[in-house]
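Please look over the chain shown here. The report starts with one residue and then widens to a helix, a pocket and the whole chain.

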Amino acid sequence: MMQEFYNELQSGKGPVFLKLNHLHSDTIGKIEAVLHNVERPSRGRFHDNRGTNYRERMIEMHISEIGFCSGHSASGVYVDEFARTTVPGLYAAGDMASVPHNYMLGAFTNGAVAGEHAAEFAANIDLPNYDPGDVAQERDRVLAPTKREDGIPPNQLEYKTRRFVNDDLQPPKVTAKMKLGQARFAEIRDDMENAMMVRDAHELMRSLEVASILDCAEMAAFASLFRTESRWGLYHHRVDYPEKNDDDWFCHAILRKQNGRMTAEKRAIAPYIVPIDESERSAYDRQRIRQHA
């Protein structure tokens, strides 16, 4: 869908509009109840301030941003059917797990499976031994920004990271831009580790969020450069490799940290628990908007 939307905008036939004004007012009200109260409360306030109403006219639509590190983008922490990660005893569920397009119902189900299995696992294992030196080292890392009297506040580093993500990692993906992004992220990490300063507990929390955002950005660039094909519509459309290549890339791309460095490897797709016919598995590639109604 996103690829079709992008193609329409690039073709010169845009802009694209959301048309609801042909529906009954009660039907529009039910749609608003979901969009404005459940999904995105800020969306209703946005339309109120703009003076736009679904009942009166069509609403112009555009691509805001592409998620690249969660279930909405077919990525995330690798898990099996019980939500187990590759670390024994560690579980991941919802958007951060590698369960594409979870949304709310999928997240609830995924979380229930993870919770039941994790409870069973925890009931049969004792707390492991740990090295107090590792705890002290991590505490020093987390609290380092509080020891500086002057430096860069975390909100500035977050803004810079997000800006370079939008500039260099947004699809369509270009190899040179992603490599440039990697260089910029390395500069931000140096600032984060050696120059970031926080003044209170709130900014300390923000500093940890910046570290996570930067990790995700670096992983996204690394994994995108590793997968030399295009897949998932606009999410991973590489200008240098515009075709999908199932022979080499019908697999997971797994990132690991080894000897302090990021590495990538392929992992075979596990057999479907519920068998899927080949024609159904390839249906996505045949879903194209007709040129004429």
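## Val 38

Val 38 sits in helix 2, which covers residues 25–39. The model is predicted. Is Val 38 buried or exposed? Val 38 has a relative accessible area of 52%. It counts as exposed because that value is over the 50% cut-off.

Which residues does Val 38 touch, leaving aside those up to four places away in sequence? They are Ala 33 and Met 104. Leu 180 is a distant reference point: the C-alpha atoms of Val 38 and Leu 180 are separated by 39 Å. Along the chain these two residues are 142 residues apart.

## Helix 1 and its partners

Helix 1 runs over residues 2–10. Its buried residues are Gln 3, Glu 4 and Phe 5. Where do the buried residues of helix 1 pack? They pack against strand 1 (16–18) and strand 2 (59–61).

Gly 12 comes just after helix 1. Its phi is positive, at about 90°.

## The second largest pocket

The second largest pocket has a volume of about 1000 Å³. Its lining holds 28 residues. Of these, Arg 189, Asp 215, Glu 218, Lys 257 and Met 262 are the closest to the pocket centre.

Helices and strands both contribute to this lining. Helix 5 (132–143), helix 7 (175–194) and helix 8 (201–226) each supply at least two residues. So much also holds for strand 3 (251–258) and strand 4 (261–268), each with at least two residues in the lining. Which element gives the most to the lining of the second largest pocket? Helix 8 does, with eleven residues.

## The chain as a whole

The chain has eleven helices and four strands. Its C-alpha atoms fill a box of roughly 65 × 50 × 45 Å along the principal axes. The chain counts 293 residues, and buried residues make up 27% of them.

Contacts between residues at least 6 apart in sequence were also examined. Of these, 57% join residues at least 24 apart.

## Surface and charge

The chain exposes about 19700 Å². Carbon and sulfur atoms supply 53% of that area.

How many positive and negative side chains does the chain have? There are 37 positive and 44 negative side chains. The centres of the two sets lie 4 Å apart.

Note on methods. Residues are numbered from 1 along each chain as its sequence is written. This is a predicted model: local features need pLDDT of at least 70, side-chain atom pairs count only at pLDDT 80 or more; totals for chains, interfaces and linings use all residues. Side-chain values use heavy atoms; hydrogens and water are left out. Buried means under 20% relative accessible area, exposed over 50%, partly exposed in between (1.4 Å probe, protein chains only). Contact means heavy atoms within 4.5 Å. Accessible areas come from the Shrake-Rupley method with a 1.4 Å probe; for residues, only the protein chains shown count as cover. Lys and Arg count as positive and Asp and Glu as negative; His and the chain ends are not counted. The place of a charge is taken as NZ of Lys, CZ of Arg, CG of Asp or CD of Glu. On a 1 Å grid over the protein atoms alone, a cavity is a set of points where a 1.4 Å probe fits but cannot get out, and a pocket is an open set with protein on both sides within 12 Å along at least five of seven lines; lining residues have an atom within 4 Å of a point. Grid points are joined across faces, edges and corners, and a volume is the space filled by probe spheres set on the points.
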